[in-house]
Amino acid sequence: MTTAGTPGQGPLSGVRVVELAGIGPGPFAAMLLADLGADVVRVDRPGGPALAVDPAYDVTNRNKRSVLVDLKSPDGPARVLDLAARADILIEGYRPGVAERLGVGPEDCHARNPRLVYGRMTGWGQEGPLAQRAGHDIAYIALTGTLGMIGRPDEPPAVPANLLGDYAGGSLYLVVGVLAALHHARATGTGQVVDAAIVDGTAHLAAMIHGMVAAGRWQDRRAANLLDGGCPYYGTYETADGGYMAVGALEPQFYAEFLQLLGGLDDLADARKDWTRWDELRERVAARFKARTRDEWTAVFEGSDACVAPVLSLREAPHHPHLAARGTFTDHGGITQPAPAPRFSATPTAVRTPPARPGADTGAVARDWDVPALLDDHADDHDKDAT
């Protein structure tokens, strides 16, 4: 199956991106660029990535095209440099120095294309005592102080999947970085290296909190503050059927509506600002929520400004009326998945193609990017693309 129609839709239409295959934040960043319309060519290695996922379900490879290149073969680096010479952006997620040893580092690429934006995605960064150490999301966010903020005070810190480090502190900062550098390259004709480290991005996410700590408005411990579960009207509560409701009634008018709809708590109207009564408030709010099911409470708070919502599962979320009306999720190729975000009035985005199969687009990329050498060892792929 050909995906030759992938390029050309969205605000990044015309931007060419080379993604050196990896796992986690690099592929997600490249997916976001592809969602925005960039022509992303993923350079897959023979045998696939270390964390094997059936390529048909790896939605982080949607809207991309794939070629197979063995960087350890004699002509492998030359094929990547041929692509880099025609690209605007290159993304790699190796440990520092690996790309250089393979012959596809920044100097090699910039020798062929001085305007190239070379994006580097790592956990620890390109420099520092830990730069050469292995790691994963949980270790990166642990050192930044952000993991220690999450969870109950009498339990170990809660693990926020790999959303906070890999994707928020990693992928999104890489995308911001390469797009800013692309703007600079187009203005000056000079590319540069973007060092996107998950430790840097995750620390940056907590900028407001650090300011509050400095001002004496945030205690440096879990569940002791307004936004970390310490406040009884900003948190989650279990319902009679084992579900949960999320409460965020911070402002006075929202808090008043919250108490009114919850019922039976009129005597706690003044407890909002009195932290000495927060334990009592929490206990009584918890008891009220335990009296009804999640669906019953959802109906109670429907249409209100009490800032209360049901906690939905991944499978439930696409069916919520608001998300369904907005098209927050989409079905493509039999897979329910988040739709591209954000939205654009003049250059709309979409899921255009399913996850790229490794090597399936070699012929189309060789033609579109004018890199005929890609076909030297992939005649079968070229024939497949031509059908």
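**Helices, sheet and cores**

Biologist: How are H9 and H10 oriented to each other, and why?

Modeller: H9 and H10 are oblique to each other, because their axes cross at roughly 45°, and an angle that is neither under 35 degrees, nor over 145, nor 65 to 115 counts as oblique. This is a predicted model, in which the axes of H9, residues 252–262, and H10 come within 11 Å.

Biologist: And which hand does the crossing of H9 and H10 have, left-handed or right-handed?

Modeller: H9 passes H10 in a left-handed crossing.

Biologist: Which residues meet there?

Modeller: From H9, Tyr255, Phe258 and Leu262 come into contact with Leu281, Val285, Arg288 and Phe289 of H10.

Biologist: Let me pick phenylalanine 289; is that residue buried or exposed?

Modeller: Phenylalanine 289, which belongs to helix H10 at residues 278–289, is buried, with a relative accessible area of 0%. Leaving aside residues up to four places away in sequence, phenylalanine 289 touches Tyr237, Glu238, Thr239, Ala240, Met245, Val247, Phe258, Leu262, Trp297 and Phe301.

Biologist: How far apart are phenylalanine 289 and threonine 239, in sequence and in space?

Modeller: Phenylalanine 289 and threonine 239 are separated by 50 residues in sequence, while their C-alpha atoms are 5.1 Å apart in space.

Biologist: Changing topic, what is the strand order in the sheet?

Modeller: The open sheet has 6 strands in the order E3-E2-E1-E4-E5-E6, with parallel pairing. Strands E3 and E6 are its edges, each pairing on one side only, and from one strand to the next the twist averages 20°.

Biologist: What packs on the sheet?

Modeller: Helix H2, residues 76–84, packs on the sheet and touches E1 (16–20), E2, E3 and E4, with a direction that makes about 155° with that of E1. Helix H7 lies across E5 and E6 and runs at about 65° to E6.

Biologist: Back to E3, then: how many of its residues are buried?

Modeller: In strand E3, residues 64–68, 4 of the 5 residues are buried, so E3 is largely enclosed by the rest of the structure. E3 pairs with strand E2, residues 39–44, in the parallel sense over 5 bridges. Within that pairing, valine 41 has arginine 65 of E3 as its bridge partner, and arginine 42 stands opposite serine 66 in E3.

Biologist: What about the largest nonpolar core, which residues touch the most other members?

Modeller: That core has 28 residues, and those touching the most other members are Val17, Leu33, Ile89 and Val117. At least two residues come from each of H1 (25–35), E4 (89–92), E5 (117–122), H6 (163–188), E6 (192–197) and H7 (198–205), and H6 gives the most, with 6 residues. Apart from that core lies another, of 25 residues, with Val69, Leu83, Ala84 and Val365 among them.

Biologist: Which residues does valine 17 touch?

Modeller: Not counting residues up to four places away in sequence, valine 17 is in contact with Leu33, Ala38, Asp39, Val40, Val41, Ile89, Ile91 and Trp369.

Biologist: Last one: at what angle do H1 and H6 pack?

Modeller: H1 and H6 pack at an angle of about 50°, with their axes 9 Å apart, and they are therefore oblique to each other. Their crossing is right-handed. Pro25, Phe28, Ala29, Leu32 and Leu33 of H1 meet residues of H6 including Asp166, Tyr167, Leu172, Val175 and Leu179.

Conventions. Residues are numbered from 1 along each chain as its sequence is written. This is a predicted model: local features need pLDDT of at least 70, side-chain atom pairs count only at pLDDT 80 or more; totals for chains, interfaces and linings use all residues. Side-chain values use heavy atoms; hydrogens and water are left out. A nonpolar core is a set of buried Ala, Val, Leu, Ile, Met, Phe, Trp, Tyr and Cys residues joined through side-chain atoms within 4.5 Å. Buried means under 20% relative accessible area, exposed over 50%, partly exposed in between (1.4 Å probe, protein chains only). Helices (H or I, at least four residues) and strands (E, at least two) are DSSP runs, numbered from the N terminus. Contact means heavy atoms within 4.5 Å. Two strands pair if DSSP finds at least two bridges between them. Axes are lines fitted to C-alpha atoms, for helices over the stretch in contact, and angles run from 0 to 180 degrees between N-to-C directions. A crossing is left-handed if the near helix is turned anticlockwise from the far one by less than a right angle, and right-handed if clockwise.
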